[in-house]
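Trainee: Got a minute to go through this one with me? I'd like to start with how the helices pack.

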Amino acid sequence: MGLPPIMIDTNSTSFPASSESAAIYRLPATVQPHHYELFLHIHLPYDEDDTLPDALTTQGSHVNITLRATAEGVRNITFHARHQFRANSTSGYVKRFDKDAVSLFELTEDGDVDGAINVSSVQFLKVDIVVVNLDSALNSDRDYKLKIQFEGVIGRNTQGLYRSQYVKNGVTRYLLTSQFQPTMDRMAFPCFDEPGIRSRFTTILKYPNRFTMTRTNGQADGKPIIAGSWIVQKYTTTPAMPVYLNAFLVSDFALTKFVDRGDAAHALQQGRAMMEFLSREFNQSYVEHLPKLDMAAVPDFAGNGMENWGLILYREAKLLYRPKVSTAEDKCGVAGIVAHQLAHNLFGNVVTCGWWSNVWLNEGVSSYVEYDHIHQANPSWNTKDLFSYWVIHYIFQLDAYKHTHPLYDPNVENNAHIGGSFDVISSWKGASVLHMIKGVLGDAGFNRALKAYVQVNKLGSVEHGDLLREVENVAVEMGYPAGTTSRYLRSWIEESGYPVLTLHRGSGTDPSTLNVDCGKAVLDYPTLPVSDGRVDNFIIANVQQYGFYRVNYERQNWNRIITALPVFMDYPTVTPPSILKSPSIRIPLKLLHNYLTQETHYGPLASARDQFRHLTIMMDGTVHYDLFVEYTRKLLEGGLYINSRWSNSWTDADVLSHDDTEGSFDKVMANDVIIN
């Protein structure tokens, strides 16, 4: 694994918060829902020739929400519903309803009705909020059932509850599907649409009888009821979960089970392996909470996939893989997307960020677990060695801009902020910081911390302090001073950007004595790996790029690295991409010149390609451009360029096989390096 990185305290650097004034969209914590009974009447035409009345509505729907006041004297109930004022021409929404559509009942301990509470008025606010005002206050020691009759409009974009379509035999057919994360449940039915509010859901769907494949989070509970041209199907109750994890599918899709053929076979195989991985690594069985899991490919879907509990929805192109037709990159991509969505079962579903300011606890942790699983399930793909190039150095570029944001962003308040928080910083910087934590704790310690994090917070809401607490516990067991680990890690989580370290030799000749310049911080490093004697006294810090920071060196050490770089290909603990992407351009160009013709691995060559792209932009249009092209061509005439060209005779097994001697990305991605 190599030596762990040193954690750098960057608290001395301040990052000003946004001065933009934003409206607060949070619900008051005066009531807590804990169970929904949702009846959705789906008016959806089967195809373009269907003349169904009230098409694209949910006319005749209702929701019953069991809730309890959290304090005495509560005289209103506030929740979310997107009404027409906030909707555009293609999005779904809930039509306005008045107090006659709302009723509230006090319940006994057995759940029976024990009297009605009069509703005095209903207010629709402009920020998706509805306030139900009551004539009398709620008792905090009693449950209440809020009943709302409503009608919704089904959207025609890819948000909320929406209509999708495809063409079969020249006829356009329709299906109903959904995308509710992060704030789009309110477009389908009245609800408490915040990630930290968990409830159980019991759903009944009523839909036209021409649709043969209907799914939601729970299993079908009993046989469907035939009511004329309609089917009514009840589903089992879900575990307590955030409302955004609801999902619906009304279609005539075919069902594929665990088989080894067809376009869905690869996704099923990878999904089965991921479920086994999660159960083995985290001692969390999926069926502990839900007895079934469906994965569906939707023709038009905004994201790559969505981790709805029990019904994961994917963009069609991201779930299906066709051997001999799809590319090797498609094969790895399908595996990654399936692994990511299934990782969310623990990190997002079982344990959920309390508010979107900490969405990286969902996205970043799942992204890292995704990579960890893919490496274990498909070792011949060499994805572990490419993590620093694909993830860390990509994020280095984005996290260097002034407009970047920290992993924990306290400024996430309104819908625009929430949508913007679902970005690569939350996903891939989050994964990079976890990679650093794993470098400190080691594989066993890191997994122990994640296991404890899931177990302690199961079916609950978390903030980043909950994760750091478990990391701190393991670090103390390993001998780190109490409080030190979590204090250092907060600087990477609560501040944007990353440190750039410059290493200088200390006094004397001992190469393990170094000073580190990082703004105002000067830290001492422990012994770092040095050469084996074939090259004189060079030093490489942050081996395997575990630390989320960049390293620069004094010129003398750079020159020794230049001389020694070909030797690094024999060192599994050294990551050439981190050297090639140093803060200085002049130094890496010398590195490229000295060793690139001997390099045979995709990661370093791809890093060199990125450097050439920058240089190409600068050289293009100059009198020296042709000389530059000739120079880069000569650098690539050896190594991977000569030995790993594409061949028309390759089979699918050659491209990505499970034989450790074949199919690595060093081979299949050669074309990416050369052509681009």
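Mentor: Sure, one definition before we start: axes are lines fitted to C-alpha atoms, for helices over the stretch in contact, and angles run from 0 to 180 degrees between N-to-C directions. Helices (H or I, at least four residues) and strands (E, at least two) are DSSP runs, numbered from the N terminus.

Trainee: And what kind of model is it, and what are the ground rules?

Mentor: This is a predicted model, where local features need pLDDT of at least 70, side-chain atom pairs count only at pLDDT 80 or more, and totals for chains, interfaces and linings use all residues. Residues are numbered from 1 along each chain as its sequence is written, and side-chain values use heavy atoms, with hydrogens and water left out.

Trainee: What does the pLDDT average for the protein chain?

Mentor: The average is 83, and 80% of the residues score at least 70. pLDDT is the predictor's confidence in each residue, from 0 to 100. Over residues 519–535 the value is below 50, and that stretch has 48 contacts beyond near neighbours in sequence. A contact means heavy atoms within 4.5 Å.

Trainee: What about residues 641–676?

Mentor: pLDDT stays under 50 there too, and the model has 71 contacts beyond four places in sequence for residues 641–676.

Trainee: OK, helices. How do α7 and α8 cross?

Mentor: The axes of α7 (residues 424–456) and α8 (residues 464–477) come within 8 Å and cross at roughly 120°. That makes α7 oblique to α8. The cut-offs are under 35 degrees for roughly parallel, over 145 for roughly antiparallel, 65 to 115 for roughly perpendicular, and oblique for the rest.

Trainee: Left-handed or right-handed?

Mentor: α7 passes α8 in a right-handed crossing. A crossing is right-handed if the near helix is turned clockwise from the far one by less than a right angle, and left-handed if anticlockwise.

Trainee: Which residues make that contact?

Mentor: On the α7 side they include Leu434, Ile437, Leu441 and Arg448, and on the α8 side Asp466, Leu467, Glu470 and Val471 are among them. The residues of this contact of α7 with α8 divide into 12 nonpolar, one polar and four charged. For the classes, Ala, Val, Leu, Ile, Met, Phe, Trp, Tyr, Cys and Pro count as nonpolar, Asp, Glu, Lys and Arg as charged, and the others, Gly among them, as polar.

Trainee: Now α13 and α14: how do their axes cross?

Mentor: α13 (residues 602–619) and α14 (residues 625–635) have axes that come within 10 Å and cross at roughly 160°. The two are therefore roughly antiparallel to each other, and α13 passes α14 in a left-handed crossing. Phe612, Leu615, Thr616 and Met619 in α13 meet Tyr625, Phe628, Thr632 and Leu635 in α14. By class, this contact of α13 with α14 has six nonpolar, two polar and no charged residues.

Trainee: And α1 with α3?

Mentor: The axes of α1 (residues 265–282) and α3 come within 9 Å and cross at roughly 40°, so α1 and α3 are oblique to each other. The crossing of α1 past α3 is right-handed. By class, the contact of α1 with α3 has 10 nonpolar, three polar and one charged residues.

Trainee: Switching to sheets. Which sheet does α3 pack on?

Mentor: An open sheet of three strands in the order β19-β21-β20, with mixed pairing. Two strands pair if DSSP finds at least two bridges between them. The edge strands β19 (294–298) and β20 (305–306) each pair on one side only. β19 and β21 (residues 311–315) pair in the parallel sense over five bridges, and the bridge partner of Ala296 in β21 is Leu313. Helix α3 (residues 328–343) touches β19, β20 and β21, and its direction makes about 150° with that of β21.

Trainee: What's the strand order in the sheet with β3?

Mentor: That open sheet runs β3-β8-β7, with antiparallel pairing. β3 (74–80) and β7 (119–124) stand at the edges with a single partner strand each, so one side of each is left without a neighbour in the sheet. Neighbouring strands of this sheet are turned by 20° against each other on average, direction ignored. β7 and β8 (residues 129–138) pair over five bridges, and Ser121 stands opposite Asn133 in β8.

Trainee: Last topic, backbone oddities. Which residues does the cis peptide bond join?

Mentor: Gln181 and Pro182, with omega about 0°. Pro182 is found in the loop between β12 (171–179) and β13 (198–208).

Trainee: And what's phi at Asn169?

Mentor: Phi of Asn169 is near 55°, a positive value in a residue other than glycine. Asn169 lies in the loop between β11 (160–168) and β12.
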